[in-house]
Amino acid sequence: MSQHFPAHRARKRFGQNFLQDLGVISRIVRAIRPAEGERLVEIGPGQGALTGPLLEAAGKLEVIELDRDLIPGLRVQFFNYPDFVIHEGDALRFDFPALVGDGPALRVVGNLPYNISTPLIFHLLEARGAIADMHFMLQKEVVERLAAEPGGTDWGRLSVMTQYYCAVENLFLVPPSAFFPAPKVDSAIVRLVPHAELPHPATDEKLLAIIVREAFSQRRKTLRNNFKGRIDAEQLTALGIDPSRRPQTLTVAELVMITNHLSAQGMTASQADSAPRKRPRSNVGHGEVTTSQAATDSDHDA
């Protein structure tokens with residue numbers, strides 16, 4: 001069953017594919033379980049498909065919308081909610097901690113544009129101290145990478161760094177028919193809950209990010225060769241890690257262990273990042289993800 005919204009031409013540059021299936025909308029809201037008094041923030045409300053049910057449940061909502069042509073329609077549609085606040089701007093540059101003040105941590109939701117999904121998740125991870133949980137609609141393959149386990153082909157930098165900071169749950173799939181216009185890919189809903197205490201804390205998180213980046217830029221090499229110039233086979237063995245293993249088999253805990261060992265040896269993030277090491281071109285989707293690289297993904301907006 002679909003809901004009809006005012007006409008608006010979906011803009012490819014904003015990654016807009018508007019969610020319209022009422023059954024899917026209801027299922028997403030049930031997964032989020034919004035409640036009165038909570039501080040909800042929606043990224044990319046679009047035509048308000050999720051906005052209305054969230055407002056009905058919580059009574060208040062702040063939204064971040066980049067497309068200024070959608071904002072007048074949102075103001076008219078939800079004029080009777082005095083605690084409905086629109087922030088016009090780019091979520092990639094938005095200061096999420098500034099919204100908290102003395103209030104409760106944010107519950108962030110959104111049907112994220114696929115062309116910015118990875119850099120936006122990293123931006124939100126930086127603001128995790130102000131966030132209680134996150135529920136996002138993303139391209140199915142991105143959700144599979146977020147929720148992946150060590151040893152599989154989906155396990156990579158995005159998996160490790162997200163799971164270092166958050167518990168990740170792949171909730172359910174959403175078909176292209178739930179949107180207008182229909183995207184060319186399947187979508188999925190993911191739940192991210194920042195850890196109250198990190199299960200495997202790194203002494204230098206910037207160094208961890210560099211070590212993880214380097215590990216997955218050479219996925220086919222053994223750890224002995226992958227980390228050559230960083231840590232030798234004897235040191236890996238002493239840590240209980242077989243140097244003949246490959247990077248995609250390493251757990252978050254093991255990558256943190258390697259990082260903490262290097263940190264204890266005096267290595268800093270700036271030293272590691274400036275060291276003259278040969279770094280082959282990353283495998284697409286598993287090495288360091290840049291904004292331009294992420295822009296090759298299909299995308300949509302709520």
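**Helix H6, the mixed sheet and the annotated residues**

Leu146 is found in helix H6, which spans residues 140–146 of this predicted model. With a relative accessibility of 0%, Leu146 counts as buried, the cut-off for that class being under 20% relative accessible area. When residues up to four places away in sequence are not counted, Leu146 touches Ile121, Leu138, Leu158, Ser159, Thr162, Gln163, Val168 and Val190. The C-alpha atoms of Leu146 and Val160 are separated by 8.1 Å, although these two residues stand 14 residues apart along the chain.

Two of the residues touched by Leu146, namely Leu158 and Ser159, are also listed among the buried residues of helix H7. This helix runs over residues 157–165, and 8 of its 9 residues are buried, so H7 is largely enclosed by the rest of the structure. The buried residues of H7 are Arg157, Leu158, Ser159, Val160, Met161, Thr162, Tyr164 and Tyr165. What covers them includes helix H5 (117–126), H6, helix H8 (205–216) and helix H11 (252–264), together with the strands E7 and E9.

The strands E7 and E9 belong to an open sheet of 7 strands, arranged in the order E4-E3-E2-E5-E6-E9-E7 with mixed pairing. Strand E4 (84–88) and E7 stand at the edges of this sheet and have a single partner strand each, so one side of each is left without a neighbour in the sheet. Direction ignored, neighbouring strands of the sheet are turned by 20° against each other on average. In general, the strands of a sheet pair through backbone hydrogen bonds, and they do so in either a parallel or an antiparallel sense.

Both senses can be followed along the order of this sheet. Strand E2 (residues 39–43) and strand E3 (residues 61–65) run parallel and are joined by 3 bridges, with Glu42 standing opposite Val63 in E3. E5 and E6 also pair in the parallel sense, here over 6 bridges, and the bridge partner of Val109 in E6 is His135. Strand E6 (residues 131–139) and E9, by contrast, pair in the antiparallel sense over 6 bridges, and in this pairing Leu138 stands opposite Ala188 in E9. Leu138 is also one of the residues touched by Leu146 of the helix described above. On the other side of E9, strand E7 (residues 166–174) pairs with E9 in the antiparallel sense over 8 bridges, and Ala167 stands opposite Val193 in E9.

The strands E6 and E9 are both mostly covered, since 8 of the 9 residues of E6 are buried and 7 of the 8 residues of E9 (residues 187–194) are buried as well. Helix H1 (residues 22–32) lies across strand E5 (106–111), E6, E7 and E9, and runs at about 160° to E7.

An unreviewed UniProt entry carries the annotation "binding site" for Asn17, Leu19, Gly44, Glu65, Asp90 and Asn111. From this set, Asn111 is taken into the lining of the largest cavity. Three further residues of the annotated set, Asn17, Glu65 and Asp90, can be described by their place and their accessibility. Asn17 is placed in the segment before strand E1 (18–19) and, at 9% relative accessibility, counts as buried. Glu65 lies in strand E3 and is likewise buried, with a relative accessible area of 2%. The side chain of Glu65 reaches the backbone nitrogen of Gly46 at 3.0 Å. Asp90 lies in the loop between E4 and helix H4 (97–100), where the residue is partly exposed, with a relative accessible area of 21%. A polar atom of the side chain of Asp90 lies 3.0 Å from the backbone nitrogen of Leu92.

Taken as a whole, the protein chain has 13 helices and 9 strands. Buried residues make up 52% of the 302 residues in the chain. Among contacts between residues at least 6 apart in sequence, 69% join residues at least 24 apart.

Definitions and conventions: Residues are numbered from 1 along each chain as its sequence is written. This is a predicted model: local features need pLDDT of at least 70, side-chain atom pairs count only at pLDDT 80 or more; totals for chains, interfaces and linings use all residues. Side-chain values use heavy atoms; hydrogens and water are left out. Buried means under 20% relative accessible area, exposed over 50%, partly exposed in between (1.4 Å probe, protein chains only). Helices (H or I, at least four residues) and strands (E, at least two) are DSSP runs, numbered from the N terminus. Two strands pair if DSSP finds at least two bridges between them. Axes are lines fitted to C-alpha atoms, for helices over the stretch in contact, and angles run from 0 to 180 degrees between N-to-C directions. Contact means heavy atoms within 4.5 Å. UniProt positions are given in the numbering used here, feature names are shortened, and annotations may be inferred rather than shown by experiment. On a 1 Å grid over the protein atoms alone, a cavity is a set of points where a 1.4 Å probe fits but cannot get out, and a pocket is an open set with protein on both sides within 12 Å along at least five of seven lines; lining residues have an atom within 4 Å of a point. A polar contact is a pair of N or O atoms within 3.5 Å; within protein, one must be able to donate a hydrogen and the other to accept it, and residues adjacent in sequence count only if both atoms are side-chain atoms.
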